[in-house]
Amino acid sequence: MALNLVYLAIITALGSALLPILFYRSISASKFVAFNLLGISGLSGILGGGMALLRHIDISQELPIGLPWLPCHLHLDPLSGFFLVLVSLVSLIAAIYGPAYVEEYQQGPQPLLPLTLFTGLFVAGMQMVMLASDAFSFMIAWELMSVSSYFLVAYQHQNETNRSAAFIYLLMAQVGGLFILAAYGVLAGFSGAFDFTSMQLVELSPAWSSLAFTLALIGFGMKAGIVPLHVWLPQAHPVAPSHISALMSGVMLKVAIYGFIRFVYDLLGHVYWQWGVVVLIIGSLSAILGVLYALMQHDLKRLLAYHSVENIGIIYMGLGLSMIFYGSGYPQLAALGLIAALYHCLNHALFKSLLFLGAGAILQQSHEHDLEKMGGLIKKMPVTAVCFLVGCISISALPPFNGFVSEWLTFQTALQGTVLSNHILTAVISISAAVLALTGALAAACFVKVYGICFLGLPRSQKAAQATEAAYGLQLSQILLAILCLAFGVFPTWTVSQLDTIAQLLLPAGMPVATSHGWLWLTPVSMDVASYGAPLVFFAIGCAWLLIWLWLHPRRKNTTIRIAPTWDCGFGSLNARMQYTASSFTMPIRRIFRPVWSVSENYKKPDQENPGGKYQLTVDDWVWLKIYQPIGRLLLATARRAALIQGGNIRVYLVYSFFTLLFLLWVVSL
Amino acid sequence: MNGWILALAQTILFLFCAPLLTGWVKWVKCKLQSRRGAPPWQPYRDLLKLFRKEVVLSESASPIFRVAPYIVFSVTALAGAVVPMFAVGLPSAAIADVIVLVGFFALGRFFLALAGMDVGTAFGGMGSSREMTISSLAEPAMLMGIFTIAMTVHSTNLASMTRYLLEHPIQLYPSFVFAAMGMLLVAVAETGRIPIDNPATHLELTMVHEAMILEYTGRHLALMEWGAMLKLMIYSILLVNLFLPWGIADNFSTLPLLIGFGSIVIKLFLLGTALAVMETGIAKMRFFRAPQYLGLAFILCLLGMLSHVILEIN
Amino acid sequence: MNYAQLSLIEQLILTLSAMVLLTSFLLLAQTRIISLINIFAAQGFLLFLGTCLIAQSSGMYHLYISAGITLALKVFFIPWQLRRLVKRLDIRRDVENVGGPSMIMIAGGALVLFSYYVALPIRELSTLATRNTIAISLAVILLGMLMMITRRKAVAQVVGFMSMENGLFFAAVVSTYGMPMVVELGVAFDVLVAAILFGIFFFQIRAGIGSLDVDHLNRLHEVDR
Amino acid sequence: MIALYATLLVPLVAACIFGIIGHWKHAGTLNLLVCAVTFATSLQLTINIFNNGAMMTPGKMFYIDAFNVYLILVNSLVGLTTSIFSRPYMAHELKIGRVDDGRMRLYHAMFQGFLLTMLVALSTNNLGILWVAVEGATLATVLLVSLYRTPEAIEAGWKYFILCGVGIAQALFGTVLIYFAAEKVLPDEEGSLLWSVLQEHSDQLEPTVLMLAFVFLLVGYGTKIGLVPLHNWLPDAHSEGPTPMSAILSGLLLNIALYAVVRYKMLIEPALNNHLPSYIMMGFGMLSFSVAGILLHRQRDIKRMFSYSSIEHMGLMTFAFGLGGPLATFGALLHMIVHSLTKSAIFITVGHAAHIAGTQKISEIRGLIKTQPAVGWTFLLGTVAIAGFPPFGVFTSEFLLFTATIKSMPWLVMPLLIGLAVAFAGLFRHVQPMVFGEPPEGQLPVKANMLPIIFHLALVLWLGISIPDILANWLDQATIMVVGKGLL
């Protein structure tokens, strides 16, 4: 039953892609068909995935398509069910968000059809990745996802940045895909067959399994956006339409995580703790560098993209911890680490989509990308402001909301590091926990900046001043996501118990004790090691607030509230330029962590055309400058040298042919 | 059931003793600087005065500005309920462990900073920017300190941490010494005391916490001030109970409670005096020396953890 | 099986093949176009004689037909057509100074040695009297290619190409007493069409670039010039 | 039998007729009809083969088996679709005065002559006739390359003629050596050049002579395949000739040269104990694949770029045939089909793109999707297909090749992957700016028939998702013939 629902989801997603082509005459009809079908696909995906997750369904099926001797294997189990729920949930929300948002594109230079076409293919591709259980159909679904998202990134291809971002994105997606293919190839090389069931049975030597692991780490890491391979992410996500960047950032990165988990835990069988250390270090690096680079961004969506790198780093830290414990023989703690990572996947999907949809609403209303030109939007767009605030609080991992729970679980897993025999590992784990704390705090700082500059204070530009509240579709989707963020933050116990079933599927033992003390408490190792009563915390804050408000209420009658212009120390009325801007807000952090970015500031003395002097700050990414551009230059240099063989002179060509013949004759007659 | 009543009593007692500690610290500082100074219960008078005064709101203030004081105060009050003041086994302590406590402070700080930026003045922005920078540098040191202690006591619940220290014989852990020094520096930075931020000044260049609540008047200002006092109280109790827990009651009979209450009062007064002496002795540091200060705190906590790993685990 | 025991005709065939090799060397060194064409015609005639002798000694009468085709094509038609083109393009006078003639001669010698080394295994295998000449025919092919590489004039390159074809025909005749008739006809037809096309190309190149110097044909390239 | 003779006679007759009336207004449509008839007869031929297996003509001159039957079908299919494309294209060329009546006659005659020689090369059983057919194909296309009479076109034609002439000459010497080795073993005069006869006695042939012959044949036909040290003529010939011709040249002629080499490999491989021919082919393949991939970055002309992409794919196929084993051979055979279909579709869109922009310079072709969405999108999808993205068939064959390399030569996997990535980067670097972005003002859409392209891409997509059973067991029989054991 669950598998049929998932088939229905995929077919409706493909339908939402292909059917609008029939009505390309009338935009409203095609829009109606596309987004409704997408919504249905999301709904049935949630139901199918949820059923698989809750009822621990584990069914597989073979379709006759594909290679003659390798039919397409499909397999649905709680792990793919969970991620299917993620994908479908966000696509459902995007379907609600879509119609109102794309009106802006209808007058734009590009027709609407490619957008709906490739969105449908993109969602279908992601859903198929979840089901695929042989290397060939996995690669087909994977690349279908990559190619369709490439076209979405390049949707507004009239401006140059979109085109270059799309190219880099597709190039890295292709290279990532090749690495994944190599990883599957290593397994297939030994098991002889390409379907996952036979790959699971094969026993690899440590050297070969480490090679397969590294290839998978690079391949899936490139798609997830861990640090050295993250370069495409901050370029591709901001340029895509907002509901697509929400889908890409919130969900596509999770598909990469799903692929990584499926490969390492399911196919590789035996996991070594050394791998866990590598993943932990990469995760910490991604987290800290992701947040530090996010702090320095002015473009709202580019900032959110860098935060995706940070959150993926946190997920990889959770996975790294779980692999360390699994490798050194503590399956329960490994289960806890895996639960923390999966929970953070869910949370990140929710709050990142919420933030991107909020950013989309802001962009649609104020037509402004740059933070420096926004301000005072809370008065114009109250609903978006509240939902964006919920998103900011959750991403900064603050208590009542969902971001905090998964980060808390990751801390608790790190805390159990002392149980390991290898003490250097314990030291490394606690340092990585400190890095996680620093990341959390910097994320909070970054989102104070974003919310403060964007919503609070005085509007810094005319467009920001004239912004109006977004359409109902946009508001509804944001409210839905905000409620979900709060719900998963306040009632974590039920979700953790469901995730525990997945952990028991992949690992020898789960962590049932985490939810054994009823729905109120979350007690990872035991009651007195650590406990977190999420509903109680939420309830306590609520009633404390109520108590104070009631206590103050009687006095309220005799003390009036007077609205007056802000006190300006007598100099004259304050204007928007006196406020702190995004770059001034982060100036202290920029000076403290200076070597992390390649910062170039130049300040021009005030002259007649700009009396206030001109200050220009550019922050770019060391990884891009020091790794990717040299590779590009090297490639062009080799190409220039290789082109010498096509010099144009026919006699030189004859010499090539002559000497090839002579050389081969010599070789043959040896 | 009497556990919950005791917890409520502790919270109320906690709320109403906090201003006394701040008043005491100010009073001792005046005496050291040979000034007459206001009596220790002066903060109570200020709060009462502020609660009665008229609230003046700026035109550009948004609902966040009016909601922030309530959230900051209620979160800090909840943190107070969780921290074991004079008894250990309180049921409310299980709601949150130390990491959640740090989360509460972060939530309070988040709204405080937002409120600072809401009115759109230069000082608010400056205060928020500095506050967030300092706190983001302080948090890793704080976590590392908590981790060091947690490694020995195998738990992050404050109740079980103190209970572990009480049950086991008094031992001098080198990791605890380092963690204590580190946490002390962090506490000073978090509560905005002298070397990092001057609580008493309104000088633009030096104020951090004050800059954020510059625009507040009337009952909102009172709540904000009270929240700050509560925070100082929580940090001092945390330091005291984590490193010198002796005398705290571990069952709910009257005599241990009284001894616990007496011991906590004495300890806090001693800590308050030490804080006052430290504040008069040291001048405020330049803002960009704060990273070295917090770097030192992190190094100390790191040394604590390393010494635990190297020396204490056999 | 030393040379002495061979019958007179076989000895004559071997000397003729040596003469063909000599003409290839002459082609390499010759600079004047008209004498180049004459030497090529001579080479064709020597081939015709050789093929007739082999046909007579081996009794394979279909060889006479291919000898006749060679005579018609390589001795009369192609040289006549080349001379007519040279007259119409009036390039009788220009002389092509071949770069480093001595170096080319040494290279030619080395090539002959190399082709003998390569053709050794074939020699053991062959039972025919003319097995030694397989190495000679391979040498004529390689010398033809060497000539195309060293010559700048399009006409000289064509002559080099045609001498390579001669070498191939000679190899076929010598190693297997000629290919099956159908293949012989096809090869001859292709060589004929190639010769006609060369003529057409000469006029196109002259019209397009204004000279028959092959080094001027270097517009299509990918080097940053 | 009749189907085979019809398939060969129709183009022959058409070539002669077009020699006279090639410049006629409806010559293009007639050309299309002729190709359609040829396609129909070849379809009939394939059905016959499907029903009653391999077929040998009475005079043993032609031999159709599983290996060349589907190549003949692809040959006439691509011939048909290119003739559909060539009608409007040549009409446009005639209108803008780049060709006159005489050249139109030449064009149509040589078009049919080219298809005829390729069909003969595929179907013949006599290795000598195979050489004559390939040489004939070269001669047919030489004049086509220099059709436009620009200095560049003439230069390209001359180089194509000389280099391929030299190459083919070496191949002739190889054929002579094969004939020499065969005469030792086979008593009767006539049979010693027939492939089927040679195949039965292939183990008795003399290994050293065979090895020498293979070297000459590989260098000879390798020049026609465009393997790297011998490839220099290919980019020039592609970029200067008319687009329909370059579509057929890169789609089919390269395949036929490779088909010839594989025919010889089937003869020589059993006789030799060492795997030297396979290693040489793998060496050539890997060299062409990597150098062509790198050179893609340097291109300034759109047709030159896709010719380098053809060199790269031919290198991949040669590597696969060199690798041997059922999986790699199956993959290579599939790759031959998919590459021909995709590459000819791409060249058709390239032709239209060049007409839209009025030039072949990559830097001056902009905003294709905006000007004419049909051409823009099919061009982009074709490039995605040729770059080897999964839903399309090129990925399937590369996937098979990849799995074969893992099984036999795992250390070769990394250069293969890096080569694919570099080639993809080079291709997309140029295609994307051309397709996306704002078109220069005054760029008008051009009259184009999208049917052939859509039909090709649909076929490739179908092959990418699932290979039909008929084709699967054809390829399997061919693999059994080439390597000895099949896959199914």
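Q: In this predicted model, how far apart do the C-alpha centres of domain 1 and domain 2 of chain D lie?
A: Take the centre of each domain, then the distance between the two. For chain D the C-alpha centres of domain 1 and domain 2 are 21 Å apart. The domain assignment sets domain 1 at 1-274 and domain 2 at 276-488.

Q: How many residues of domain 1 of chain D are in contact with domain 2 of chain D?
A: Count the residues on each side. In chain D, 43 residues of domain 1 contact 46 residues of domain 2.

Q: Which helices supply the domain 1 side of that contact in chain D?
A: Look for elements that give at least two residues. On the domain 1 side of chain D these include helix 3, helix 8 (207-225), helix 9 (233-240) and helix 10 (243-271). Helix 10 of chain D has the largest share, 14 residues.

Q: How do the residues of that side of domain 1 of chain D divide into nonpolar, polar and charged?
A: Sort the residues by class. The side of domain 1 of chain D that touches domain 2 has 26 nonpolar, 14 polar and 3 charged residues.

Q: What radius of gyration would a compact globule with the 488 residues of chain D have?
A: Set the model value beside the one expected from chain length. For 488 residues the expected value is near 23 Å; chain D has 21 Å, which agrees with a compact globule. The C-alpha atoms of chain D fill a box of roughly 70 × 55 × 45 Å along the principal axes.

Q: What else describes the fold of chain D, starting with its helices and strands?
A: Check the elements, then burial, then contact range. Chain D has 19 helices and 2 strands. Of its 488 residues, 67% are buried. Among contacts in chain D with a separation of 6 or more, 81% join residues 24 or more positions apart.

Q: What should helix 18 of chain D span at 1.5 Å a residue?
A: Compare the expected span with the end-to-end distance. Helix 18 of chain D (residues 451-465) has 15 residues and should span 21 Å; its end C-alpha atoms are 21 Å apart, so the two agree.

Q: Which residues of helix 18 of chain D are buried?
A: List them, then see where they point. The buried ones are D:P452, D:I453, D:H456, D:L457, D:V460, D:L463 and D:G464. They sit on the same side of helix 18 of chain D, because they cover an arc of only 120 degrees around the axis. On the other side of helix 18 of chain D, D:L451 and D:A458 are exposed.

Q: What do the buried residues of helix 18 of chain D pack against?
A: Follow the contacts to their partners. In chain D the partners are helix 3 (66-95), helix 13 (326-357), helix 15 (373-386) and helix 16 (393-408).

Q: How many residues does the contact take from chain C and from chain D?
A: Read a chain contact as a domain contact is read: count, then elements, then classes. Chain C gives 35 residues and chain D gives 36. On the chain C side, helix 4 (101-125), helix 5 (133-150), helix 6 (154-176) and helix 7 (181-209) each supply at least two. Helix 7 of chain C gives the most, 13 residues. The chain C side divides into 25 nonpolar, 6 polar and 4 charged residues.

Q: What pattern does chain B follow along the sequence?
A: Write the elements in order. Chain B, with 11 helices and 1 strand, reads α-α-β-α-α-α-α-α-α-α-α-α. Its radius of gyration is 19 Å, close to the 20 Å of the globule rule for 314 residues, so chain B is as compact as a globular protein of that length. Of those 314 residues, 59% count as buried.

Technical notes. Residues are numbered from 1 along each chain as its sequence is written. Chains are lettered from A and ligands numbered from 1 in the order in which they are written. This is a predicted model: local features need pLDDT of at least 70, side-chain atom pairs count only at pLDDT 80 or more; totals for chains, interfaces and linings use all residues. Helices (H or I, at least four residues) and strands (E, at least two) are DSSP runs, numbered from the N terminus. The radius of gyration is taken over C-alpha atoms; the globule rule is 2.2 Å times the number of residues to the power 0.38. A residue is buried if 20 or more other C-beta atoms lie within 10 Å of its own, exposed if 12 or fewer, and partly exposed in between; C-beta atoms are placed from the backbone. Two residues are in contact if their C-beta atoms, placed from the backbone, lie within 7 Å. Ala, Val, Leu, Ile, Met, Phe, Trp, Tyr, Cys and Pro count as nonpolar, Asp, Glu, Lys and Arg as charged, and the others, Gly among them, as polar. The expected span of a helix is 1.5 Å times one less than its number of residues. The arc is that of the directions from the helix axis to the C-beta atoms. Domain bounds come from an automatic or database domain assignment.
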